[in-house]
Amino acid sequence: MKRLPILVVPVLLLLLSISFFLFRPTTPPVLSSRQAFEPDRRLRVYVADLPRAFNYGLLDRYWSLRAADSRIQASSDPDHPPPHDHPPYPENPLIKQYSAEYWLLASLRAAATAPAAVRVVADWREADVVFVPFFATLSAEMELGWGTKGAFRKKDGNEDYRRQREVVDRVTSHPAWRRSSGRDHIFVLTDPVAMWHVRAEIAPAILLVVDFGGWYKVDSKSSSKNSSRVIQHTQVSLLKDVIVPYTHLLPTLLLSENKDRRTLLYFKGAKHRHRGGLVREKLWDLLGNEPDVIMEEGFPNATGREQSIKGLRTSEFCLHPAGDTPTSCRLFDAIASLCIPVIVSDEVELPFEGIIDYTEISIFVSVSNAMRPKWLTSYLRNISKQQKDEFRRNLARVQPIFEYDTSYSSSRGSTSIDGAVSHIWKKIQQKLPMIQEAIIRDKRKPDGVSIPLRCHCT
């Protein structure tokens, strides 16, 4: 038998060693108790254990109130005295516009209407996120409408504050909060004043808000080094929080029901607002006497509802200037009415961006341009009929995305329930990798060491 050359043996041994290291089974990296985010699976949601008094019990209390909301005329309150067959969430427009809290909790309570992307789990240790079932908006609005006048920002004698305090104490004492320092907890704060007294304590959580406007004033007081125009990462951030739509107050108009629109531009709302809403008064003065422009003061309550429906459905464009906060319910009333929104709000944040391209359904105008005499109406008059028709077709396409009440789909002959609630859960799922990374980073801190915040999200 022929023997191999002496140099061949070491070479063969070297090749065998290399192949062993290249192809041997590897030990998987150590993961947290909740495995790394998998985009192809459902979001696992645990509903925090709160007494019924903080959600549906609040609705019971609301419907037991005999007096009308003190902020509106008694004849304009659709809920008081309570009708015999009252709806589950108030029809009072000051409250209904913030109804996301009701629909999100409902989506987790009924398997038949649960979004496809969500799975409710019974053990918090298996959850990706913890949903806090507190109707914070309803609690705040009941205090504002039926509490002692001027008591809202005080703590003594404030029922809303008492509820806020108890919710936070219950939630933060649970091991689920301690596991993540609250970063994976969800609070629905659609009303700009919801959870007003305890915001600093829930700041790390995932906050569902209609915009960031309600936080500016708090930020400017909390830091003397930063402009009030900067959204502090310690409170609200597009990295972790989700912008959700208002509930529209006016009925939806189908594209097939659309008729001629003879008015160029329409606006109905309060003329006098605070902070960024000061632009309204200036626009009112500039546009009030323009031909084919209607500027009406009021709110789409019982007395102004029909007027609002008519104005929105007979106008090509609907003005959406900033109010006390950068957005308002009228944007979603405009979408429901197929009236092309004209957004004059330089600091606006909008729901479902990344899913929706708002330039296909809205006109965006800077405040500086809108303030130029005759500029806005001239610009709008130069938009062609073909462009306006395309805007309206796009509006009709996205209308279902802003529907909270899934019965809307079935009433229109559709079985789809992929509306606002479903899209909110999708947006939360998109935030999850960043949130889970923050939780894991936080766990490695030695005692007495804090990991600095690295950025502001503006």
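Strand β4 (residues 185-188) and strand β5 (residues 206-209) run parallel and are joined by three bridges. In this report strands are DSSP runs of E with at least two residues, helices are runs of H or I with at least four residues, and both are numbered from the N terminus. Two strands pair if DSSP finds at least two bridges between them. Within this pair, Phe 187 sits opposite Leu 207 in β5.

A quick word on what you're looking at. This is a predicted model, where local features need pLDDT of at least 70, side-chain atom pairs count only at pLDDT 80 or more, and totals for chains, interfaces and linings use all residues. Residues are numbered from 1 along each chain as its sequence is written, and side-chain values use heavy atoms, with hydrogens and water left out.

**The chain overall**

The chain has 17 helices and 11 strands. Half-and-half is about right for burial: 50% of the 458 residues count as buried, where buried means under 20% relative accessible area, exposed over 50%, and partly exposed in between (1.4 Å probe, protein chains only). The accessible surface comes to about 23000 Å², with 54% of that belonging to carbon and sulfur atoms; these areas come from the Shrake-Rupley method with a 1.4 Å probe, and for residues only the protein chains shown count as cover. As for contacts (heavy atoms within 4.5 Å), take those between residues at least 6 apart in sequence: 71% of them join residues at least 24 apart.

How confident is the predictor? pLDDT is its confidence in each residue, from 0 to 100, and the chain's mean is 81, with 76% of residues at 70 or more. Residues 20-37 have pLDDT below 50, and this stretch has 16 contacts in the model beyond near neighbours in sequence. Residues 454-458 are also below 50, with 12 such contacts. Where pLDDT is low, the predicted coordinates should not be read in detail.

**The six-stranded sheet**

The β4 and β5 pair belongs to an open sheet of six strands, ordered β2-β1-β3-β4-β5-β6 with parallel pairing. At its edges stand β2 (118-120) and β6, each with a single partner strand, so one side of each has no neighbour in the sheet.

Just after β6 comes Val 244, in the loop between β6 (242-243) and β7 (263-269). Is Val 244 buried or exposed? Val 244 is buried, at 1% relative accessible area. Not counting residues up to four places away in sequence, Val 244 touches Thr 190, Leu 208, Val 209, Val 210, Pro 351, Tyr 404 and Ile 424. Its C-alpha atom is 9.4 Å from that of Val 188, which is 56 residues away along the chain.

**The five-stranded sheet**

The other open sheet has five strands in the order β8-β7-β9-β10-β11, again with parallel pairing. Here β8 (293-297) and β11 (363-364) are the edge strands, each with a single partner, so one side of each is left without a neighbour in the sheet. Two bridges join β10 (residues 340-344) to β11, and Ile 343 has Phe 364 in β11 as its bridge partner.

Two helices lie across this sheet. Helix α10 (residues 278-287) crosses β7, β8, β9 and β10, at about 135° to β8, while helix α11 (residues 305-313) crosses β7, β8 and β9, at about 150° to β7. For these angles, axes are lines fitted to C-alpha atoms (for helices, over the stretch in contact), and angles run from 0 to 180 degrees between N-to-C directions.

Strand β9 (residues 315-321) holds Glu 316, which is buried at 15% relative accessible area. Beyond neighbours within four places in sequence, its contacts include Arg 261, Lys 388 and Arg 392.

**Aromatic rings**

The whole structure has 16 aromatic pairs. Rings of Phe, Tyr and Trp (its six-membered ring) pair if their centres lie within 6.5 Å; planes under 30 degrees apart count as stacked, over 60 as edge-to-face and the rest as tilted. Here are two of them:

| Pair | Centre to centre | Angle of planes | Type |
|---|---|---|---|
| Tyr 62 and Trp 63 | 5.2 Å | 90° | edge-to-face |
| Tyr 89 and Phe 135 | 6.5 Å | 80° | edge-to-face |The Tyr 89 and Phe 135 pair links distant parts of the chain, 46 residues apart: Tyr 89 is in the loop between α2 (56-64) and α3 (93-96), and Phe 135 is in the loop between β3 (129-131) and α5 (136-146). Tyr 89 is buried at 5% relative accessible area, and Phe 135 is buried at 1%. Both rings belong to one aromatic cluster with Tyr 56, Tyr 102 and Trp 103. In the other pair, Tyr 62 is buried at 0% and Trp 63 is buried at 7%.

Technical notes
pLDDT = per-residue confidence, 0-100.
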